[in-house]
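Welcome! Please take a moment to look over the sequence and the model below, and then we can walk through them together.

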Amino acid sequence: AWRREMVFYFTSIPCEAAPEGYVLYMGKDKFENDDLIKHAWPEDVWFHVDKESSAHVYIRLPRGSALGDDKEWYKRIDPLVIEDCCQLVKANSIKGNKLDNVQIVFTPASNLKKSQGNAVGQVGFHKEGMVFKERVQTRKNEIVNRLDKTKKWEETNLEAELLQRNKEEGAKARKIGAEAEKERLQQEKTWKEDKNARSYDRLNDEAQMTTSGDLELDSDGEVDFM
């Protein structure tokens with residue numbers, strides 16, 4: 001049977017890319033943090049207080065955000081939304097919440113790595129170069145309070161949600177692939193038809209040149225220049 005988790009959900013400040021705000025989420029304890037790592041989406045970005053114990057906070061960006069040639073897509077998040085994520089993760093760190101000048105690390109969820117020696121809730125990274133850092137000078141209660149007002153604690157099935165997401169994205173990719181193949185075949189057909197038409201026109205031109213080049217002979221077999 002699939003495991004159901006209790007996950008905290010929040011809504012970030014609105015921005016141009018997300019007029020209704022982004023979904024932020026975190027687990028209630030270190031055991032659920034492991035489930036979040038395992039079932040995070042490719043578009044999710046993970047936040048944590050650097051070198052201190054804290055909640056694992058994720059932001060869910062639009063599907064397809066991680067695709068394309070932009071290798072720093074996760075750094076393009078609106079600065080005000082980044083601040084929301086950093087304030088939320090700081091507020092949910094026992095030690096970090098009391099400290100000033102705290103450093104927050106964030107990276108794509110796909111860069112998180114669970115090694116055999118990691119304790120529950122502990123993670124490493126596949127590529128250290130994909131870990132970005134943001135410094136938080138102090139706690140901002142107005143941000144934390146605003147986020148807390150959007151807080152929802154919901155029972156969810158992370159594994160089932162990820163499977164459904166992958167199923168939908170797979171179907172979308174297959175549809176795009178089928179449409180691209182259909183377009184390719186149509187272009188190939190058009191190209192062949194154009195080629196055949198050009199060949200036919202050339203044959204007609206050659207036939208007309210031959211006909212107009214024929215000289216009319218008179219009854220004596222001589223060329224008639226009349």
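Which residues of helix α3 (residues 141-149) are buried? They are I143, V144 and L147, where buried means under 20% relative accessible area, exposed over 50% and partly exposed in between (1.4 Å probe, protein chains only). These residues cover an arc of only 95° around the axis, which puts them on the same side of α3; the arc is that of the directions from the helix axis to the C-beta atoms. An α-helix has 3.6 residues a turn, so residues three or four places apart point the same way. On the other side of α3, E142 and K149 are exposed. The cover over the buried residues of α3 includes β1 (5-11), β2 (23-27) and α2.

Before going further, a word on the ground rules. This is a predicted model, in which local features need pLDDT of at least 70 and side-chain atom pairs count only at pLDDT 80 or more, while totals for chains, interfaces and linings use all residues. Residues are numbered from 1 along each chain as its sequence is written, and side-chain values use heavy atoms, with hydrogens and water left out.

**The overall layout**

The protein has four helices and nine strands. Helices (H or I, at least four residues) and strands (E, at least two) are DSSP runs, numbered from the N terminus. Along the sequence, their pattern reads β-β-α-β-β-α-β-β-β-β-α-β-α. Of the 226 residues in the protein, 34% are buried. Contact means heavy atoms within 4.5 Å. Among the contacts in the protein with a separation of 6 or more, 67% are between residues 24 or more positions apart.

**Helix α2 and the cores**

Helix α2 (residues 79-91) has 13 residues, which at 1.5 Å a residue should span 18 Å; its end C-alpha atoms are 18 Å apart, which agrees. The expected span is 1.5 Å times one less than the number of residues in the helix. At the start of α2, a side-chain oxygen of D78 comes within 2.9 Å of the backbone nitrogen of L80. Among the buried residues of α2 are V81, I82, C85 and C86, along with the charged-letter entries D84 and K90. 

In soluble globular proteins, nonpolar side chains tend to be buried together. A nonpolar core here is a set of buried Ala, Val, Leu, Ile, Met, Phe, Trp, Tyr and Cys residues joined through side-chain atoms within 4.5 Å. The largest such core has 29 residues, and V45, F47, I59 and I104 have the most contacts inside it. At least two residues of this core come from each of β1, β2, β3 (44-49), β4 (57-60), α2, β5 (102-108) and α3. Helix α2 supplies the largest share, six residues. Not counting residues up to four places away in sequence, I59 touches ten-odd partners that you can look up in the model, including Y22, V45, F47, V81 and C85. There is also a second, separate core of 15 residues, which includes V105, A109, F125 and L158.

L158 turns up again beside H39, a residue of helix α1 (residues 30-39). With a relative accessible area of 11%, H39 is buried. Leaving aside neighbours within four places in sequence, H39 is in contact with L158, E159 and L162.

**Salt bridges**

Side chains of opposite charge can pair when their charged atoms come close. A salt bridge is a side-chain nitrogen of Lys or Arg within 4 Å of a carboxyl oxygen of Asp or Glu, and by this rule the count comes to 14. Here are some of them:

| Acidic residue | Basic residue | Closest N and O atoms |
|---|---|---|
| D29 | K28 | 3.0 Å |
| D50 | K133 | 4.0 Å |
| D70 | R76 | 3.1 Å |

Where do the partners D50 and K133 lie? D50 is in the loop between β3 and β4 and K133 in strand β8 (residues 132-136), so the pair ties together parts that are 83 residues apart in sequence. D50 is buried, at 19% relative accessible area, whereas K133 is partly exposed at 44%. In another pair, D70 is partly exposed at 32% and R76 is exposed at 54%. R63, E168 and E169 are linked in a network of salt bridges.

**Two residues with positive phi**

K51 is found in the loop between β3 and β4. Its phi is near 65°, a positive value in a residue other than glycine, and K51 is exposed, with a relative accessible area of 77%. N101, in the loop between α2 and β5, has a positive phi of about 55° although it is not a glycine. N101 is partly exposed, with a relative accessible area of 39%.

Conventions
A polar contact is a pair of N or O atoms within 3.5 Å; within protein, one must be able to donate a hydrogen and the other to accept it, and residues adjacent in sequence count only if both atoms are side-chain atoms.
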